[in-house]
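Reader: Please take me through the pockets of this structure. I would like a close look at what lines them. Then add the salt bridges.

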2 protein chains.
Amino acid sequence: MIIDVHAHYTQASPKLDAYRGRQISSQNQPKKGSLGISDDEIADALGGNLRQMKDRGIDRLMFSPRAGGMGHDFGSELISRYWSEVNNDLIGRVCKLFPEQFSPVGQLPQTPGVSPKNCLEEIDRCVHEWGFVGFNINPDVSGGAQPFTPSLGSEWWYPLWEKMVALDVPGMIHASSTLNPGLHMNGAHYVNWDTAAVVELCNSRVFDDFPKLKLIIPHGGGAIPFQWRRHSALHALEKRRPFEEMVKHLYFDAALYDQDSLELLVRRMGPDNVLYASEMFGTAKAVDPSTGRCYDDTVPMVKAIDWLSDADREKIFSGNARRLYSRAKL
Amino acid sequence: MIIDVHAHYTQASPKLDAYRGRQISSQNQPKKGSLGISDDEIADALGGNLRQMKDRGIDRLMFSPRAGGMGHDFGSELISRYWSEVNNDLIGRVCKLFPEQFSPVGQLPQTPGVSPKNCLEEIDRCVHEWGFVGFNINPDVSGGAQPFTPSLGSEWWYPLWEKMVALDVPGMIHASSTLNPGLHMNGAHYVNWDTAAVVELCNSRVFDDFPKLKLIIPHGGGAIPFQWRRHSALHALEKRRPFEEMVKHLYFDAALYDQDSLELLVRRMGPDNVLYASEMFGTAKAVDPSTGRCYDDTVPMVKAIDWLSDADREKIFSGNARRLYSRAKL
């Protein structure tokens with residue numbers, strides 16, 4: 001069985017973006033409103049996902065709203081709440097229509113300067129009403145502007161960790177859009193926050209206080225596996241517990257697009273802490289002109305790691321995901 | 001010959017930080033003032049550098065002010081100018097005292113929201129009065145806050161590139177401190193801006209317009225070598241020229257602290273585009289408890305790349321640096 005733990009709903013009806021567009025002109029008096037997307041429209045838009053899953057032998061997607069679309073920096077707390085509810089309801093509907101292929105992962109109504117306590121009600125709603133199995137957490141709520149978001153290692157986040165542990169849902173740390181013109185969202189901003197998240201969490205008491213917290217760092221961990229001993233050195237310099245020990249509290253997804261980097265990731269983190277992912281459809285959906293294959297066609301890459309046992313490969317493809325996403329009953 | 005192209009003056013007299021401290025309480029009427037550091041104090045504080053260079057077989061340091069100390073986000077344009085002049089003068093004095101071991105690399109009086117045109121006079125002064133051979137360029141002048149710094153790919157930076165090309169001085173893209181509490185300066189913020197810089201420059205016309213511009217990305221390029229085909233895929237998706245072609249306009253330093261990552265860097269960028277660096281004394285100066293050796297004792301790592309020819313190894317150790325730092329007459 002192969003599970004892709006990092007798939008965003010990038011093929012949604014334009015009616016979703018139209019809803020978002022209308023939020024701009026009603027910031028003074030936000031209204032919930034509705035999307036007006038039918039079940040048939042949802043099903044039609046997912047044909048590409050289902051075909052590609054079949055072609056590549058991927059059995060299930062952990063399916064969440066488009067990361068760049070979360071846009072927590074925009075508007076008031078109420079705008080963020082309505083936008084999250086609308087997106088999560090849509091994800092919930094997708095997963096009810098295709099329960100064998102998609103498991104629902106939600107976005108949170110995070111808002112700059114507002115405690116993540118404001119997300120707890122939406123987590124409960126998604127889990128209990130729709131059967132959500134995980135959530136994406138934006139570590140840079142304001143998209144880089146002030147008010148800045150407290151470090152992921154700080155107690156500011158604890159109400160969120162408490163709720164996630166209580167419900168046994170994992171979180172993927174995933175930034176959304178940024179206001180900074182010097183940062184390409186998909187090329188730099190996302191992976192930069194992956195790196196930052198690992199550094200802050202490894203330099204904190206979070207896993208002392210929440211030993212059962214399950215956090216996934218996407219995109220192969222950003223720069224972390226490559227800058228590995230930079231972090232070892234900083235931990236030694238700052239007299240913290242060893243980096244190599246702290247980082248094993250985390251899980252990294254395998255959304256990398258070459259063999260060398262994937263193998264480096266698995267060597268660094270070990271097969272118990274890596275989860276298969278291809279970001280379908282995302283960053284790497286283009287065709288590599290040199291091979292004629294899509295960059296994100298990465299199942300063969302995992303199969304090609306010849307020093308990995310079959311049991312370890314199975315952990316990466318699905319075993320670790322089954323363990324983490326306990327509510328998914330896979 | 002071995003040249004370390006990435007060494008900051010982290011052992012300066014506390015009188016330097018005391019000068020900085022006084023700037024806080026005279027923001028309304030900044031005064032240039034002086035440091036009051038004698039040549040003997042300078043020489044004494046460099047004993048550690050000279051000993052370590054001898055121990056490790058490093059012949060020369062490209063020596064610049066402490067990166068985190070540049071703090072361009074703090075205070076007015078005049079404060080940044082005085083602070084840069086004081087730091088650059090100190091670097092100039094170090095290099096006059098030890099001309100065989102140190103080559104001067106400067107910081108710029110960058111200021112949030114102010115065009116880099118304000119740096120040109122200081123570049124001329126450093127090159128012509130002190131013999132500076134390169135400069136560090138902060139891609140995130142405001143330390144992450146608003147006003148944000150324009151993308152390195154934008155024409156906002158062109159006056160700086162023009163001056164650097166005219167004087168044939170290379171630049172190292174190196175962030176300074178950040179105001180964002182979620183970003184560890186040395187663990188995340190620096191390497192994040194390395195990644196961002198590469199993405200922006202590779203997605204620009206900068207090297208069409210300045211084919212002779214020489215820019216070095218430190219810390220092994222941040223996440224770039226590891227996320228290599230993420231960038232290939234994004235270039236294909238966005239119909240840009242191939243990433244593998246664009247990135248070869250840049251140089252990456254080898255300030256990485258393990259064999260695997262260093263070899264990945266050299267494989268990706270090729271031996272013509274990598275320059276030896278250890279950040280002496282910086283991030284990785286601690287002793288690795290598992291080996292008893294310093295993390296930044298990396299000359300043996302370059303020697304241990306067994307697939308590299310002697311000629312290529314020499315390029316990494318010094319040949320590429322001689323070529324780039326043409327004013328250093330090495």
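Author: What follows covers the pockets, one buried residue and the salt bridges.

The model is predicted. Start with the largest pocket. Its volume is about 320 Å³. It is lined by 20 residues, and the closest to its centre are A:Thr10, A:Met185, A:Asn186, A:Gly282 and A:Thr283. Three elements of chain A give two or more residues to this lining: β1 (3-9), α4 (67-70) and α8 (185-202). Of these, α8(A) gives the most, with three residues. By class, the lining of the largest pocket holds five nonpolar, eleven polar and four charged residues.

Now the second largest pocket. Its volume is about 220 Å³. Here 14 residues form the lining, and B:Thr10, B:Arg66, B:Asn186, B:Gly282 and B:Thr283 are the closest to the centre. In chain B, α4 (67-70) and α8 (185-202) are the elements that give two or more residues. The largest share comes from α8(B), with three residues. The lining of the second largest pocket divides into five nonpolar, six polar and three charged residues.

Next, a buried residue. A:Asn49 sits in helix α3 (residues 47-56) of chain A. Its relative accessibility is 1%, so A:Asn49 counts as buried. Beyond its neighbours within four places in sequence, A:Asn49 is in contact with A:Gln11, A:Leu61, A:Phe63, A:Phe102, A:Met280 and A:Phe281.

Then the salt bridges. There are 44 over all chains. One of them joins A:Arg241 to A:Asp208, with the closest N and O atoms 2.8 Å apart. A:Arg241 lies in the loop between α10 (228-237) and α11 (243-246) of chain A, and A:Asp208 lies in helix α9 (residues 206-209) of chain A, so the pair ties together parts 33 residues apart in sequence. A:Arg241 is partly exposed at 36% relative accessibility. A:Asp208 is partly exposed too, with a relative accessible area of 35%.

In chain B, B:Glu85 forms a salt bridge with B:Lys32, and the closest N and O atoms are 3.0 Å apart. This pair also links distant parts of the chain: B:Glu85 is in helix α5 (residues 77-97), B:Lys32 is in the loop between α1 (14-24) and α2 (39-45), and they are 53 residues apart. B:Glu85 is buried, at 10% relative accessible area. B:Lys32 is partly exposed, at 28%.

B:Asp297 and B:Arg293 meet through their side chains in another salt bridge, at 3.3 Å from N to O. B:Asp297 is buried, with a relative accessible area of 18%, whereas B:Arg293 is partly exposed at 41%. In chain A, salt bridges with shared partners join A:Arg56, A:Arg293, A:Asp296 and A:Asp297 into one network.

Key: Residues numbered from 1 in each chain as written. Chains lettered and ligands numbered in written order. Predicted model: local features only at pLDDT ≥ 70, side-chain atom pairs only at ≥ 80, totals over all residues. Heavy atoms only, no water. 1 Å grid on protein atoms, 1.4 Å probe; cavity = no way out; pocket = protein on both sides within 12 Å on 5 of 7 lines; lining within 4 Å. Points joined across faces, edges and corners; volume = space filled by probe spheres on them. Helix = DSSP H or I, 4+ residues; strand = E, 2+ residues; numbered from the N terminus. Nonpolar A, V, L, I, M, F, W, Y, C, P; charged D, E, K, R; others polar. Buried < 20%, exposed > 50% of the residue type's maximum accessible area, 1.4 Å probe, protein only. Contact = heavy atoms within 4.5 Å. Salt bridge = Lys/Arg side-chain N within 4 Å of Asp/Glu carboxyl O.
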